[in-house]
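Subject: Structure handover

Hello,

Here is the structure you asked for. My notes follow below it.

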Amino acid sequence: MRWRNLLLAAWLSLLACPELSAQTAPDGQPAQAEPPQPAEPSADATPAVNPDWLRSFQWRSLGPATMGGRIVDLAVVESNPSTFYVATATGGLFKTTNNGTTFSAVFDRESTVSIGDVCVAPSDPQVVWVGTGEHNARNSVSWGDGVYKSIDGGKSWQHMGLPESYQIGRMAIHPENPDIVYVGALGRLWGPSAQRGLYKTTDGGTTWEQVLFVDERTGCVDVAMHPEQPDTLLVAMYERQRDQYDVGDPAKRWGPGSGLYKTTDGGQNWKRLTAGLPDRPLGRIGIDYFRSDPNLVMAIVESDKIATGPVMAYMGIASGQADDGPVLRDVLADGPAVKAGLKARDRILEIDGQKLETYNDLIAQIRGHKPGDKVQMKVRRGEDEELTVELTFGQRGGGNTALPFASSLGGQRANAQRQQGPDGFQTGGVFKSTDGGETWTRVNSLNPRPFYYSQIRIDPSDANWVYVLGIQLHVSSDGGATFETAGSRVHPDHHALWIHPGNGSQLILGCDGGLYMSYDRGQTWGFHDIMAIGQFYHVAVDNRRPYRVYGGLQDNGSWGGPSRTRAGRGPANWDWVRVGGGDGFVCQADPADPDWVYYESQYGRMGRVNVSTGERARFAPATTRDGPRYRFNWKTPFLLSHQNSRIFYCAGNVVFRSLNRGDDLRPISPQITRTDRGSATALAESPRDPNVLYVGTDDGALWGTRNGGQTWEDLTERVGLLSPFHVASIETSRFETGRAYVAFDGHRHDNDDPHVYVTEDFGQSWRPLRANLPSGSSRVLREDVENSDLLYLGTEFGIWVSLDRGQQWFRFNNNLPTVAVHEVAVHPTQGEIVAATHGRSLWALDVTTLRQLSGKLVSSPAHLFRPGDGVLWSGALASSTLGHRQFIGQNPEFGAPLYYFLAEATDDVALEVLDIQGNVVRKLRAQQKAGLHRVVWDLRHAPPEGRNAPQFGPPVEEGIYLLRLTAGSNQLQQPLRVLRDPEFPAALLTEELEELEESRQRYEIE
C-alpha cells in the first residue's frame, strides 16, 4: 500500500508539471510566482553551478546534408590525390583520405570555424595551413582570428598569429621549404584595420613580416606563386567594405587601393602592374599561372566601369544555322522579334536587301544597328511561305543604357569584347599575359558577380581549357576567347575548383551547394552529400510527436525533416523535404494544424505550404502605382499569433497583419525604420497579451505597441546603445507580460561585442545582460518555456546559457563545433531545443535536466533529477544503409535518460526503477564518483536468468514508474512516465531494439 501511495503522489506531481497541466491565473494566463529580480550582472561572479556539469550535455546532429553549404577552397595532396581538404565558409574543415567516400571534420574546436583558405605544403603533406575568415564579402559572412598550422595532417592545430587579420584571401607555401609561407590578409570587412596586406614567415609562423601594405582599407585577396621560381609572386590587393544594411552587394566594390602587384625577390620589392589593365579604380582580381609554361598567366579583373559600353541593338532571338541561312531557334517573350511577328523556326533571308548566308551575317547586322532602328526583313516560314516584316531593334541590357553588358547580379556577360569597342578593356573581364604578368591583353568580357567569385583556373596541362567560376561554371576550350556555361545538374555559385595536373578531365568543384566531382571534364558530376554543412538562418518545430523541424538556409531554400526516426538509424537525407526555394529564412509550423508550414525567401517572398497535400499559397502586401512603396529585409521576420494562428504578422519598413493566414496583409504601424534604406529584422508578440508587439530593424530602430498596433512607441533611445545596432532578435517572456529580451548585433558597425538587453516594463527601461560574455556578436536570445531563469544565447562563435536570467553565462557548445548559432527553437512540450547553425546544419539537445540545475544543488549531498517521458517508439522497416558514402543523423538513445548528482564519492549507490506495485522492475548500473551522472534505461524489464534465457528483457507497459536513487543514507525518488508510441501504439519491434542494444554500451557522463 505504501508503494501505491508513493506512485499516486508521483502521478499527482506529474499532473502538476507545466507540460501536462497548466494551472491558470484569473486573467487566463499561466499562473507563475513572482520571479526574483536578478542582481546587476557581474563578469566575475562565482558560478551558480559547477561548469563541468554543463559539459555533460551532448548535442546530436540532425543534419541534413541534402543541400550542402558554401565551400570556399580545396587543397589536394598531389602526391596522393585521394587525400584532400575541403574548406567551408562557416562550417570548418573536412578531410578525406578515400577520394570523397567519407569525410572527417578536422577543424571543429578552434575559436572560429569560418575559413578563407587552406593549403597543404607541397614538400610535406602533413603540414597544413588554414587561414580563418571567409574571403567573400557577402552579407552573411563571418570572420576569423588569424592562421593555424597542423603538422600531423589535421589531427591537431596551433594558432600561428595574425589574430586581427579577420579574413584571409589566399595563402601560398614554398614548394621545397614548408617554413616559408605567404598569407594574404584581407582585413576587416566593416571598417579599417591595420593587419592587412601580404605577410611572410620564414620560420614556420613564429614571426611574421608585412611585406606588402597599401592602406588600412585595402587587403590581399589572391596570391599566385610562380610554379618554378617561388620568389616570384603575383598578388591582388582589394579595397572593399560592407555597411549596416543586409543587401546583396558590398557598399564599396572598388577603390584606388585595389590592384595587381608583382615581386621577384620574395617580397622585398614590388611593382604595380598596369600595362594593358584598366586604368580605372579596380575591384576584386583573381589570378592563375599556367603550370606548364609560367610565362602564361590569366587574371579576371573587376573595374568600376563593369558592364558599360556602347548601347547595342537587341532583337530578342536565339538563333542557329540552317542549310539556307540563319534560323530562329526561339524568339524571346516581349522582345522586338515577337513584336514584329517572327516565330521560332523562321529563316531570315535578308535585312534591308542584304542577303544573309550565315548566322554570323545576322549577328553582324544586329551589331551594326542601334536601338530604335527600323529594318525590313525577308523571312521564309515553313517550306514555301515568304513574308516581309518590319522590326524595330530594342535595347540590350534590360533598358539600362548605363549597363548594356550586364549579367546577373552585377556581373558582366561573356563574349561581348568586340561589341564593347576598343576601350572595352576598361570594363574588366578575363585578361591574359604571356610575359609573366608584365603586360596584359583582354581576351574576354566575362566577369560574373566579381565580389562573390573572381576565380579563374587554367588546366595545368592544357592552356586551351580555362575555367571561370560564377553563378554558373564558365568553360573555354580556346584559351579564353569564348566561354560557354557548363556544369549541368550542379548547384550554382561556384567558389573553388581543382583540376588534376596530369588529367584535366578530373575536376573537384566547391560551390554554395556543397562538393561535386567529375571525371569527364564536367559533362557529368557526382554530388557528395555527406557533409552536414548547411547554413541555416532559422529553425522552427511543430507539435507532432516525434516533432518535425523546419528551417531556411543560405542559397538552399527551406526544408523540413524529423527530429528523430523510428528506425535504428537517425534522420537521413531522404527523410527531408523541400518546402520553399530561393534563399531560405524564417519558417513556422501552424500549431493548430502542423501540416501547414509558413516559409519565406529573400526580400519578403512569403508563402505557406501543406506538407501533406502539397497545396501552396504565396502572399504579399498589396501595392498600387501611387501608393506607398514597401521594402523587406534579406531575412524578413514573420510570426503566427500565439492566441490565434490564423493571424499572421510580418514586417518590412512597416508592420503588417493578416487575419487570414497571410492573405490580405495590411499595415498596422507607421514607418519603423530610421533611414530610407532600413527594414525590419525582428518581430515578436507577447504570448501573454496579444496586444503587446515589438519590432526592430537593421538600421537600429526598436518599436513597441501595447494596443495591438493602434499606436506605436519608438523605444530606440531608451535602450542606451552607443550606436543604433542591427536588431537580431526579440523575445517576449511567457512569464511576465512586461518582460522582453532583445539581442543586438553590432558587427556591421565594426563592433563584435555581444549586446543583450532585458526590459521589465514594456521597453521603458532596459538593463544589459553582457555579464561575462566574451567578444562575439549576439545572433539570437531565447527564453526557456518552463524555467524563467534559463536563457539560450546564440552568438557568432557558439551558444551560451544562463541559469539566472543573464547574471552569468556558461559556454554550452560541448560537442557542438565552434559555429555561429543563428536561431534556437525551444520545443513547447518535448523537452528539447534545436539550434540552427550557419555552417553545420541543425543540432538538438535534451534540456529536461538543464532546466532543473540551480545553485541549491551545490549544498545537496545527492540529487535525482526529474526525468522526461520514456516513449516506447515503434520500430520501422529497415532501409538500405550499405556503403559508407551517406549521411545519417543522430537519434536520441532509445529509452529514458536519467540524471543524478553526487556531491562526494559514495560507496553505496543504487539506481532502481519500480512499478505501481512497488516491485523492482530494473536495477541500473550506477556510478559512485562525485559529479553529474547519466544513465539510460531502455524501458525494459531485467532479462530472465538462466543459461538459455534471452539476453534482453521484455519492454515494460505504458504507465507510471518510480525512479529511486539510494546514495549512502540518502534516498531520493522521482516519478517517470512511460508512453506508447502515439502513432503506432502496438507496433514495438523488439528485434530492432535488440540490435541497438548490442551496438551500444551504457555509459555515464561525469
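Where is the place of Pro546? Pro546 sits in the loop between β40 (536–541) and β41 (548–553). Strands here are DSSP runs of E of at least two residues, and helices are runs of H or I of at least four, all numbered from the N terminus. The peptide bond from Arg545 to Pro546 is cis, with omega near 0°.

**Ground rules**

This is a predicted model; local features need pLDDT of at least 70, side-chain atom pairs count only at pLDDT 80 or more, and totals for chains, interfaces and linings use all residues. Residues are numbered from 1 along each chain as its sequence is written, and side-chain values use heavy atoms, with hydrogens and water left out.

**Confidence**

pLDDT is the predictor's confidence in each residue, from 0 to 100. The protein has a mean pLDDT of 91. Of its residues, 92% reach 70 or more. Residues 1–43 stay under 50. For that stretch the model has 73 contacts (heavy atoms within 4.5 Å) beyond four places in sequence. Residues 999–1006 are also below 50, with 23 contacts beyond near neighbours in sequence. Where pLDDT is low, the predicted coordinates should not be read in detail.

**Backbone points**

A second cis peptide bond joins Gly63 and Pro64, with omega about 0°. Pro64 lies in the loop between β1 (60–63) and β2 (71–76).

Ala307 has a positive phi, near 75°, though it is not glycine. Its loop runs between β19 (297–303) and β20 (313–314). Ala307 counts as buried, at 2% relative accessibility. Buried means under 20% relative accessible area, exposed over 50%, and partly exposed in between (1.4 Å probe, protein chains only).

Leu409 also has a positive phi, near 55°, and is not glycine. Look for Leu409 in the loop between β28 (406–407) and β29 (411–412).

**Sheets**

Two strands pair if DSSP finds at least two bridges between them.

One open sheet has four strands in the order β6-β7-β8-β9, with antiparallel pairing. β6 (115–121) and β9 (158–159) are at its edges; each has a single partner strand, so one side of each is left without a neighbour in the sheet. Six bridges join β6 to β7 (residues 124–132). Asp117 has Gly131 of β7 as its bridge partner.

Another open sheet of four strands has the order β52-β53-β54-β55, again antiparallel. Which strands stand at its edges? They are β52 (680–685) and β55 (713–714), each with a single partner strand. Two bridges join β54 (residues 702–705) to β55. Trp703 is paired with Asp714 in β55.

β46 (residues 605–610) and β47 run antiparallel, joined by four bridges. Arg608 stands opposite Ala617 in β47. The hairpin of β46 and β47 has five residues between the strands, and Gly614 there takes a positive phi near 85°. In a regular strand the side chains alternate between the two faces of the sheet. In β47 (residues 616–619), Ala617 and Phe619 form the covered face, while Arg616 and Arg618 form the uncovered one.

**Salt bridges**

The whole structure has 50 salt bridges. The rule is a side-chain nitrogen of Lys or Arg within 4 Å of a carboxyl oxygen of Asp or Glu.

- Asp222 and Arg170 meet at 3.1 Å, N to O. Asp222 is in β14 (residues 218–225) and Arg170 in β10 (residues 168–173), 52 residues apart. Both are buried.
- Asp750 pairs with Arg188, the closest N and O atoms being 2.5 Å apart. Asp750 is in the loop between β57 (740–745) and β58 (754–759). Arg188 is in the loop between β11 (181–185) and β12 (197–201), 562 residues apart from Asp750. Asp750 is partly exposed at 33%, whereas Arg188 is buried at 2%.
- Asp249 pairs with Arg253 at 3.1 Å between the closest N and O atoms. Asp249 is partly exposed at 27%; Arg253 is buried at 11%.
- Salt bridges that share partners join Asp246, Asp745, Arg748, Arg779 and Glu796 into one network.

**Cavities**

A cavity is a set of points on a 1 Å grid, over the protein atoms alone, where a 1.4 Å probe fits but cannot get out; lining residues have an atom within 4 Å of a point. Grid points are joined across faces, edges and corners, and a volume is the space filled by probe spheres set on the points.

How many cavities of 30 Å³ or more are there? The count is three. The largest holds about 210 Å³. Its lining has 15 residues, and the closest to its centre are Lys635, His726, Arg748, Arg779 and His822.

Best wishes

Technical notes:
On a 1 Å grid over the protein atoms alone, a cavity is a set of points where a 1.4 Å probe fits but cannot get out, and a pocket is an open set with protein on both sides within 12 Å along at least five of seven lines; lining residues have an atom within 4 Å of a point.
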